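Visitor: Please take a close look at one part of this structure for me. I am new to it, so keep the sentences short and explain the terms as you go.

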Amino acid sequence: MKGENRELELYVHIPFCVRKCGYCDFLSGPAEEDARNRYLAALKQEIRQTEEAMRKRRIVSIFFGGGTPSLLTGGQLSEILETIEENFQLEGDCEITLEANPGTLEREKLLQCRRAGFNRISLGCQSTEDQELRKLGRIHTYGEFLESFRLSREAGFQNVNVDLMSGLPGQTLLSWETSLRRVAGMGPEHISAYSLILEEGTPFWEKKETLALPDEETERRMYERTEEILGEYGYGQYEISNYARKGYQCRHNLGYWTGREYLGLGLGSASLWEHRRFRNTDRMEEYLEAGGRPEEIRREEERLTAEDEQAEYMILGLRLTDGISLDEFRATFGKEAGEIWPGVLERYEAWGLLEKKSGRLRFTRRGISLSNVVLAEFL
């Protein structure tokens with residue numbers, strides 16, 4: 001028996017990196033080997049002490065994010081995954097993703113990870129122009145990305161994602177198109193193409209007035225060209241910033257966008273469980289001293305109201321190009337979406353930003369570019 005027949009996703013946070021990039025606001029930073037070992041011991045304890053109800057769920061995806069998870073050794077990554085397998089009930093086709101930066105990968109590490117059960121790798125390329133990578137503060141060159149991609153294929157990874165970023169300092173429409181074509185031409189199964197966001201508290205935020213960023217019209221054209229160019233290479237857009245070959249949509253991220261419950265493991269990681277949201281402490285010493293006991297590391301617990309869940313359903317679901325099922329919304333919440341937001345859907349339909357088709361509500365092509373304005377209506 002597999003216990004409760006409900007699905008759950010796992011996110012595993014590895015908060016270590018070689019150095020922080022200028023735009024990064026994630027909970028991460030450099031650490032010595034001893035600090036890494038102490039953290040991994042606490043992480044494995046957290047996995048073992050997770051409540052039985054969670055461990056009985058069907059685990060359909062696991063995502064190792066950070067930071068730079070690939071900074072760990074192949075043995076360390078394998079041990080974490082093995083601990084999860086010993087304590088949770090993984091589906092036979094569970095999607096298991098390793099986030100990795102070029103410059104932190106070598107053949108034996110990749111082979112170890114593949115043997116351990118990792119079946120998807122996400123490579124943070126960001127750009128194929130070395131000058132743009134230097135301005136971002138990335139630790140790798142385009143050449144090192146090419147090597148990491150080759151090694152991943154040779155190690156047996158048949159599901160590879162590549163991250164690319166538009167709106168970079170000094171980036172032109174032509175250089176963005178070049179990055180798209182170079183990466184698409186390599187044939188990864190999935191491409192995440194998103195724009196740079198300046199986050200408060202980062203070095204880029206502090207010097208935002210002096211960054212030579214593309215203007216608004218250029219950024220709009222970058223977004224339009226992304227769909228056009230990736231479409232030429234056989235990638236379908238299934239979410240605002242994500243493109244995949246048929247059958248390779250990221251199962252883990254689809255779970256987030258469709259409201260599947262998830263459990264975050266590790267420092268600062270967030271969870272959604274039975275109408276509650278909570279996150280682990282982001283203080284390393286607190287996390288280590290707690291010995292992995294969930295009741296001592298969880299913070300900011302919030303019980304979601306029906307209004308919260310309705311808003312999230314719309315805001316996350318409308319990110320998908322298929323949009324949301326209006327019948328499913330009614331079955332879930334007992335009301336029509338139009339009753340909860342009177343006049344809103346009709347207004348944006350009339351403006352050509354939303355459309356109803358085959359019982360689904362979704363953005364039009366024009367609406368996607370103005371999605372932030374529309375989604376704010378549901379907050």
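Guide: Arg153 and Glu189 meet through their side chains in a salt bridge, at 3.0 Å from N to O. A salt bridge here is a side-chain nitrogen of Lys or Arg within 4 Å of a carboxyl oxygen of Asp or Glu. The two partners come from distant parts of the chain, 36 residues apart. Arg153 sits in helix α6, and Glu189 sits in the loop between α7 and β6. Helices (H or I, at least four residues) and strands (E, at least two) are DSSP runs, numbered from the N terminus.

A word on the model. It is predicted: local features need pLDDT of at least 70, side-chain atom pairs count only at pLDDT 80 or more, and totals for chains, interfaces and linings use all residues. Residues are numbered from 1 along each chain as its sequence is written, and side-chain values use heavy atoms, with hydrogens and water left out.

How open are the two partners? Arg153 is partly exposed, at 28% relative accessibility. Glu189 is buried, at 10%. Buried means under 20% relative accessible area, exposed means over 50%, and partly exposed lies in between (1.4 Å probe, protein chains only).

Now step back along the chain from Glu189. Gly187 follows helix α7, and its phi is positive, near 80°. Helix α7 itself covers residues 173-186, 14 residues in total. From first C-alpha to last, α7 reaches 20 Å, close to the 20 Å expected at 1.5 Å a residue. That expected span is 1.5 Å times one less than the number of residues.

Part of α7 is hidden. Its buried residues are Ser175, Trp176, Glu177, Ser179, Leu180, Val183 and Ala184. What covers them includes helix α5 (130-136), helix α6 (142-154) and helix α9 (216-232). Strands β5 (160-166) and β6 (190-195) are also among the covering elements. So α6, the helix that holds Arg153, also helps to cover α7, where contact means heavy atoms within 4.5 Å.

Helix α6 has another link. Glu154 forms a salt bridge with Arg107, the closest N and O atoms being 2.7 Å apart. This pair also joins distant parts of the chain: Arg107 lies in helix α4 (residues 107-116), Glu154 in α6, 47 residues apart. Arg107 is partly exposed at 43% relative accessibility. Glu154 is partly exposed too, with a relative accessible area of 43%.

Helix α9, one of the elements that cover α7, has a salt bridge within it. Glu224 and Arg221 meet there, at 2.7 Å from N to O. Both lie in α9, three residues apart, about one turn of the helix. An α-helix has 3.6 residues a turn, so residues three or four places apart point the same way. Glu224 is partly exposed at 28% relative accessibility, and Arg221 is partly exposed with a relative accessible area of 28%. Elsewhere, salt bridges that share partners join Glu7, Glu9, Arg58, Glu91 and Arg260 into one network.

Why can such pairs form? Side chains of opposite charge can pair when their charged atoms come close. The whole structure holds 37 salt bridges. To return to the start, Arg153 in α6 and Glu189 after α7 are one such pair.
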